[in-house]
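Let's take a walk through a protein model together. Keep the picture open while you read, and look up each part as we come to it.

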Amino acid sequence: MEKIVYNIRYAIPDDAPAIQKIMHAAFEGYLEDIKNDYKLHALTESIEDILDDIKNQTVYVAVTDRNKVIGAIRVKGLTKDLAYIYRFGVLPEIKNIGVGSRLLAAAVDHCAENGFKAVALHTNTRFYTLARYYYGKRFFVHSTTTDKGYIRALFVKEITGDRDYDISPAFNE
């Protein structure tokens, strides 16, 4: 495979169609990997939903030197102390070359720069490679739930070392 040159930047409205394609490809692959047919919200969101997130939340994209969007991640503040990562995906054909790690690092750096004490995210507990990935990035499992029809783990990364934050706003995400 030829080396892919890319950078991480804030998403712009013109990126919305590419972000939607990435989310569909990544989350359809996610469902295949975990052998589940649950209808994830990432597979039903509209371009308008993505544009709303670009306008109102923090959305990063990985973009090649040929201006092709190859990955995306979103972050929103739930409280002054807690942020939440969602809709994190990379094109399946370029997985495992570091794009996701750079996107995640950008999201965590954003949280640190904006004074959040912790950042949370959910993932399916049966997706072992993803759970190991988050452990490797210094996230820990706070709790699990079956409210979406499968076992979801709430992963948390403490940013400041100050454990005085309320995790409960992440329960409903």
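## A walk from the start of the chain

This is a predicted model, and we begin with Val-5. Setting aside its neighbours within four places in sequence, Val-5 makes contact with Val-63, Thr-64 and Asp-65. You'll find Val-5 in the segment before β1, the strand that covers residues 6-10. Is Val-5 buried, exposed or something in between? Its relative accessibility is 45%, so Val-5 counts as partly exposed. If you want a sense of distance, try Pro-92: the two residues are 87 apart along the chain, and their C-alpha atoms are separated by 17 Å.

Now hop over to one of those contacts, Thr-64. This residue belongs to strand β2, residues 58-64. Buried means under 20% relative accessible area, and Thr-64 has 14%, so it counts as buried. Which residues does Thr-64 touch, if we don't count those up to four places away in sequence? They are Ile-4, Val-5, Tyr-6 and Ile-70. Take Ile-4: it lies 60 residues from Thr-64 along the chain, yet the two C-alpha atoms are separated by 6.9 Å.

Next, let's look at strand β5, residues 118-124. Seven of its seven residues are buried, so β5 is largely enclosed by the rest of the structure. To see how that works, remember that in a regular strand the side chains alternate between the two faces of the sheet. On one side of β5 sit Ala-118, Ala-120, His-122 and Asn-124, and on the other sit Val-119, Leu-121 and Thr-123; all of them are buried, so both faces are covered.

What does β5 pair with? One partner is strand β4, residues 82-90, which runs parallel to β5 and is joined to it by three bridges. You can spot Ala-83 standing opposite Val-119 of β5. To get from β4 to β5, the chain passes through helix α3, residues 99-113, and this β-α-β crossover is right-handed. Another partner is strand β7, residues 152-158, which pairs with β5 in the antiparallel sense over seven bridges. Here Thr-123 stands opposite Ala-153 of β7.

Finally, let's go out to the surface. Tyr-135, Phe-140 and Val-141 form a nonpolar patch there, and together they have about 250 Å² of accessible area. Val-141 is part of strand β6, residues 140-145. With a relative accessibility of 31%, Val-141 counts as partly exposed.

How values were computed: Residues numbered from 1 in each chain as written. Predicted model: local features only at pLDDT ≥ 70, side-chain atom pairs only at ≥ 80, totals over all residues. Heavy atoms only, no water. Helix = DSSP H or I, 4+ residues; strand = E, 2+ residues; numbered from the N terminus. Buried < 20%, exposed > 50% of the residue type's maximum accessible area, 1.4 Å probe, protein only. Contact = heavy atoms within 4.5 Å. Pairing = 2+ DSSP bridges. Right-handed = clockwise from strand over helix to strand, strands pointing away. Patch = residues over 30% accessible without salt bridge, like charges linked within 9 Å, V, L, I, M, F, W, Y side chains within 5 Å. Areas by Shrake-Rupley, 256 points an atom, 1.4 Å probe, with all protein chains shown as cover. Salt bridge = Lys/Arg side-chain N within 4 Å of Asp/Glu carboxyl O.
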